[in-house]
Amino acid sequence: MKSASLFSTLSETLADVAQPQQRVSVLLPMPFKGPFDYLSPPDITLNPGDIVLVPLGRRQKTGVVWETSSDLPPDLAPPAEQKDRTDTSRLKEVAELLELPPLSADLRRFIDWVAAYTLTPPGMVMAMTLRLHMHGVTSAGTGWLPADTIPADLRMTPARQKVLDLLRKGLPQTTTDISAATGVSAGVVKGLADARALRAIKLEPECPVEAPDPGYRLPVLEAEQARATTALRQSVEKGGFSVTLLEGVTGSGKTEIYLEAIAACIEQGKQALILLPEIALSAQWTERFIRRFGVAPAIWHSDTGQRMRRLTWHATANGNASVVVGARSALFLPFEKLGLIVIDEEHETLYKQEEGVIYNARDMAIVRARLVQCPTVLVSATPSLETLVNVQSGRYRHLMLPSRHGGATMPETRIIDMRVHPPERGRFISPALTEELSATLARQEQAMLFLNRRGYAPLTLCRACGHRMECPHCTAWLVEHRARKRLCCHYCEYFEPVPVTCPACHEENTLTSIGPGIERITEEAHELFPDARILVMASDTLTSPTAITEAVTRISNREIDLIIGTQVVAKGWHFPYLTLVGIVDADLGLSGGDLRAGERTFQLLHQVAGRAGRASAPGRVLLQSYTPEHPVMSALLSGSQDRFMAQEAMQRQPGFWPPYGRLAALIISCEDAAKADAVANAFGRMAPYGEGIQVLGPTPAPVAVLRNRHRRRLLLRTKRTIALQPILHRWLDMVKPDRNVRIDIDIDPVSFL
Ligand SMILES: Nc1ncnc2c1ncn2[C@@H]1O[C@H](COP(=O)(O)OP(=O)(O)OP(=O)(O)O)[C@@H](O)[C@H]1O
Ligand SMILES: [Zn+2]
């Protein structure tokens, strides 16, 4: 007995020596606190970044071999977990190492950083990188060629002969390709491979894009432009981390200039990432890119099919795609050699992702740039106060283009005081604006009407009893979409047919539409200008990039006289024949307690206004307002953006509101209002305090019920010098909420709904 047991321990020890099984941490794309430990398969060495399949419960999951980051700033590092790392007996083995490019160290650190900053489980952040190929995880595959020496004893069959004949043409082909070409089954190929008559060739995935040529068409730059270009080129050539704000009035050629920074990046053999606030913009952007570089960039968005996404992912990972343009999520692509990040329209709130991982792509892009040590360019005609403060403090460099390209002038802006010059009853376009519109159309120039509200009317009301049509699941009015004969909630997917009788008093035909949406403005425009060719641009009328490209082409070809749109029309478009912009309701967006309401309204209206008169004919902007004395209106009128932003700064500084302080929102939600209250109150009682730390709330959220969940908000505000994350960690630990209560943390909130 003794010897047997001695023998077995000895053999175990020997086995251990022969095949030391590594203990590895694997991060799974799931909401766990951190990675799980596994054992590496006996014959495989795993390295951090490797993408693997591991058993989890009864299923297998894709995960990434992870090391715990030791270099997170102490402010951000989550409290360490105590783990016993000596006992490996209960660990499961990694099932498979996938044939995918490993995630680079800088990307892994970036993921850890975003997770720690936003207080999100790291696996959920990593999922944004990995989700992309979760469906059908395949490498490009194995191709086959005939072996150098075909074994002499190979049993030949007609099927085998066909395969060998095909492959002797010299092009490696996958099993699927061979079957398709010859009609033989996969088994035949496998038989040949097993008999060592074939040799395997690892096939690189095909590259979805061609290489851009930085010398394809060089721009002729004006003096100011040339100066800015040189400065940007230098930072790209020098490499290393830097942030530059490229500010310039609308139509000054900012895009033109940062295309040169991209050219420099390509010349360096590195990759450039261009973030756009909205993928809709990529169509016109791509066109400009092609004009400059001869070929299209790689485009990253959810609309491109599975296969294309996979190829783009691979081309990013292996460095074949030198320029990738996309919306926020492109930031999590596995670039092999990132050399430049450009964030166009940096002030855009669309960069904030509000669901799932709540993060600001503009801010995180700067973090990523710092981790890979590459330059970043923030581009805007109306930079955010956050960015301006960074410029003032010297953290960001500032390049300025003060005038429009080619001698085009800035549009002339006028305010129509709607209290003095109201529209006719039941109408929303004032006579003064109507007059300008007809004059513009008569000159065969294009005009645009802007109203940031989809649908026909934002409120449906009963004239008899005053009942308002509301969403049964949200604290929100139902918006009438007349074309679709529906009342829709703009917060959830709920809709119902427009009723004939009032659901409260059951009177017939008493429901009436209050206020305008763009459908209603379109109806009015058709009545006013029956001959005008009108195009509506809104996220629900142009639902795909193709539809947007088509619309933009029709505008550029002068097939359209009047464009009516929501905020989609505010974004960087260049419509050379557009000379008049009418803003139907300039006050919309100023109400409500939003910290940045003024700044945002200014940016939005300034951007819309900037669409007018970009080419030879001068532009004009008319703002319809009931509060013409509001600082936003005076700033738009005088064009004194600097003064307006200085006023904004002065208002925020004393109370240490961002960017002079830090904010985090806690949103507590539950289907049961009482439970939501209980948890919110518990957080209120445990609220952190101290010098420079303040908690506001709990209060019901402005959208107090959303998708049947009752919502309460608390706001933590600290001085800039105090990091939020450690305070939040301690605070969250103090309250153990009911399972049905959800707590969302929003660091640097931009929405306060
Ligand atoms: N040096 C140049 N040579 C030729 N065309 C130019 C030059 N600079 C700018 N343009 C043209 O002027 C127009 C406006 O330029 P661009 O779109 O780059 O401005 P922008 O500052 O990015 O505008 P916005 O902020 O409104 O998006 C474009 O059609 C662009 O092609
Ligand atoms: Zn709803």
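## Two helices that meet

Which residues in α2 meet which residues in α3? From α2 come Leu107, Ile111, Asp112, Val114 and Ala115, and on the α3 side they meet Pro122, Val125, Met126 and Thr129. Sorted by class, this contact of α2 with α3 has seven nonpolar residues, one polar and one charged. Keep in mind as you look around that this is a predicted model.

So how do you describe a pair like this? Two packed helices are described by the angle between their axes and the distance between the axes. For helix α2 (residues 105-118) and helix α3 (residues 122-130), the angle is about 130 degrees and the axes are 8 Å apart. That angle makes α2 oblique to α3. The crossing of α2 past α3 is right-handed.

## Helix α3 under cover

Let's stay with α3 for a moment. Eight of its nine residues are buried, so α3 is largely enclosed by the rest of the structure. The buried ones are Pro122, Gly123, Val125, Met126, Ala127, Met128, Thr129 and Leu130.

What covers the buried residues of α3? The cover includes two strands, β1 (23-27) and β4 (59-66), along with helix α2. You have already met some of the α2 residues involved with α3: Leu107 and Ile111 are among them.

## A second helix pair

Now move along the chain to helix α7 (residues 223-238) and helix α8 (residues 254-267), which pack at an angle of about 30 degrees with their axes 9 Å apart. Are they roughly parallel or roughly antiparallel? The angle makes α7 roughly parallel to α8. Here too you can look at the handedness: α7 passes α8 in a right-handed crossing.

On the α7 side, the contact is made by Gln225, Ala228, Thr229, Leu232, Arg233, Val236 and Glu237. On the α8 side, the residues are Glu256, Ile257, Tyr258, Glu260, Ala261, Ala264 and Cys265. Split by class, the contact of α7 with α8 has eight nonpolar, two polar and four charged residues.

## A stretch named in UniProt

UniProt has an unreviewed entry that lists residues 235-401 as "domain: Helicase ATP-binding". Over residues 235-401, the chain is 37% helix and 25% strand. If you find the C-alpha atoms at the two ends of that stretch, they are 18 Å apart.

## Four cysteines at one spot

Another annotation in the unreviewed UniProt entry, "binding site", covers Cys471, Cys474, Cys489 and Cys492. Why can you say that they gather at one spot? They span 22 residues in sequence, yet no two of their C-alpha atoms are more than 8.7 Å apart, so they do gather at one spot.

Take Cys474, which sits in the loop between β19 (459-462) and β20 (479-481). Cys474 is buried, because 21 other C-beta atoms lie within 10 Å and 20 or more is the cut-off for that label. Leaving out residues up to four places away in sequence, Cys474 touches Cys489, Tyr491, Cys492, Val703, Val705, Leu706 and Arg707.

Then there is Cys492, in the loop between β21 (486-488) and β22 (495-497). Cys492 has 15 C-beta neighbours inside 10 Å, so it counts as partly exposed. With residues up to four places away in sequence left out again, Cys492 touches Cys471, His473, Cys474 and Arg707.

## Some backbone oddities

Most residues other than glycine have a negative phi, and most peptide bonds are trans. Here are some exceptions to look for. Pro658 and Pro659 are joined by a cis peptide bond, with omega about 0 degrees. Pro659 is in the loop between α18 (641-652) and β28 (661-670). Phe656 lies in the loop between α18 and β28 too, and its phi is near 35 degrees, a positive value in a residue other than glycine. Phe656 is partly exposed, with 19 other C-beta atoms within 10 Å.

Gly697 and Pro698 are also joined by a cis peptide bond, this one with omega about 5 degrees. Pro698 lies in strand β29 (residues 693-706). Finally, Arg558 is not a glycine, yet its phi is positive at about 60 degrees. Where do you find Arg558? Look in the loop between α15 (545-556) and β25 (562-565). Arg558 has 14 C-beta neighbours inside 10 Å, so it counts as partly exposed.

Notes: Residues are numbered from 1 along each chain as its sequence is written. Chains are lettered from A and ligands numbered from 1 in the order in which they are written. This is a predicted model: local features need pLDDT of at least 70, side-chain atom pairs count only at pLDDT 80 or more; totals for chains, interfaces and linings use all residues. Axes are lines fitted to C-alpha atoms, for helices over the stretch in contact, and angles run from 0 to 180 degrees between N-to-C directions. Helices (H or I, at least four residues) and strands (E, at least two) are DSSP runs, numbered from the N terminus. Angles under 35 degrees count as roughly parallel, over 145 as roughly antiparallel, 65 to 115 as roughly perpendicular and the rest as oblique. A crossing is left-handed if the near helix is turned anticlockwise from the far one by less than a right angle, and right-handed if clockwise. Two residues are in contact if their C-beta atoms, placed from the backbone, lie within 7 Å. Ala, Val, Leu, Ile, Met, Phe, Trp, Tyr, Cys and Pro count as nonpolar, Asp, Glu, Lys and Arg as charged, and the others, Gly among them, as polar. UniProt positions are given in the numbering used here, feature names are shortened, and annotations may be inferred rather than shown by experiment. A residue is buried if 20 or more other C-beta atoms lie within 10 Å of its own, exposed if 12 or fewer, and partly exposed in between; C-beta atoms are placed from the backbone.
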